[in-house]
Amino acid sequence: MGRGKIEIKRIENSSNRQVTYSKRKNGIIKKAKEITVLCDAKVSLIIIASSGKMVEYCSGPQETRMKILDKYHSQSGKRLWDAKHENLCNEVDRVKKDNDGMQIELRHLKGEDITSLNHVDLMALEEAIENGLASIRDRMSKYMDAVRENNRALEDENKRLAYQMHKMMKYEENLRDMNYNNNNQIPFALRVQPNQPNLHDRM
């Protein structure tokens, strides 16, 4: 018996849908390769999954894909990316122009290529340098204040530790003196008694 027809509609089960996508994607790519070899056709294939992952196939190198698209444009009269491509090119040009301008400004700040600047540009450059120096001095002042504050904190901590050590050494010294005095005392029972007659002799 032949296989029954499958109704073409969205597969609701996500696992089944992923399995079907993988199988059919591979089948389409296989067919694209076959028609390329068998019929000497130029094929460019792009598949984008629902996850956003893209798979592509082209019958030749990168240049072939561009030639295929140009052929499509010339025969269909449609342009796929005119507006977006133009905006992207304009944005790239703007960024390059801004980058070139910043490179020139950086060279001027370094004192390079300033002979071509007029009086107004030189004044603006001088102001920019003065503002930069003021910012650097302010940053340096804050850094030095932080260093001095840290040094003061370290000195206070050093004094506190030195005072604690002094107290501990004094305590140990007093403790040694007390032990020395206690060891040098003669017990009461061993002290020399006054010379008195023996009481037994009196009896």
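Visitor: In which helix does R107 lie?

Guide: R107 lies in helix α3, which spans residues 82-109. Helices (H or I, at least four residues) and strands (E, at least two) are DSSP runs, numbered from the N terminus. This is a predicted model, in which local features need pLDDT of at least 70 and side-chain atom pairs count only at pLDDT 80 or more, while totals for chains, interfaces and linings use all residues. Residues are numbered from 1 along each chain as its sequence is written, and side-chain values use heavy atoms, with hydrogens and water left out.

Visitor: Is R107 buried or exposed, or partly exposed?

Guide: Buried means under 20% relative accessible area, exposed over 50%, and partly exposed in between (1.4 Å probe, protein chains only). R107 has a relative accessible area of 32%, so R107 is partly exposed. Contact means heavy atoms within 4.5 Å. Not counting residues up to four places away in sequence, R107 touches E112 and D113.

Visitor: How many helices and strands does the protein have?

Guide: The protein has 5 helices and 2 strands, and along the sequence they follow the pattern α-β-β-α-α-α-α. Of its 203 residues, 9% are buried.

Visitor: How does one read confidence, and which element has the lowest mean pLDDT?

Guide: pLDDT is the predictor's confidence in each residue, from 0 to 100. For the protein the mean is 81, and 83% of residues reach 70 or more. Among its elements, helix α5 (residues 199-202) has the lowest mean, 50, and helix α1 (residues 14-39) the highest, 92. Over residues 186-192 pLDDT stays under 50, and the model has 2 contacts for them beyond four places in sequence.

Visitor: Which residues does T36 contact?

Guide: T36 is found in helix α1 and is buried, at 13% relative accessible area. Apart from neighbours within four places in sequence, T36 is in contact with A41, V43, Y57 and S59.

Visitor: What is the phi of D40?

Guide: Most residues other than glycine have a negative phi. D40, in the loop between α1 and β1, has a positive value near 55°. With 61% relative accessibility, D40 counts as exposed.

Visitor: How should the two strands be read, and in which sense do they pair?

Guide: In a regular strand the side chains alternate between the two faces of the sheet. In strand β1 (residues 44-48), L45 and I47 form the covered face, while S44, I46 and I48 form the uncovered one. Two strands pair if DSSP finds at least two bridges between them. β1 and strand β2 (residues 54-58) pair in the antiparallel sense over 5 bridges, with I46 opposite E56 in β2. The two strands form a hairpin with 5 residues between them, and G52 in the turn has a positive phi of about 100°.

Visitor: Which residues line the largest pocket?

Guide: Rolling a probe the size of a water molecule over the atoms shows where empty space is left. On a 1 Å grid over the protein atoms alone, a pocket is an open set of points where a 1.4 Å probe fits, with protein on both sides within 12 Å along at least five of seven lines; lining residues have an atom within 4 Å of a point. I6, E7, I8, K9, R10, I11, E12, T20 and R24 line the largest pocket.
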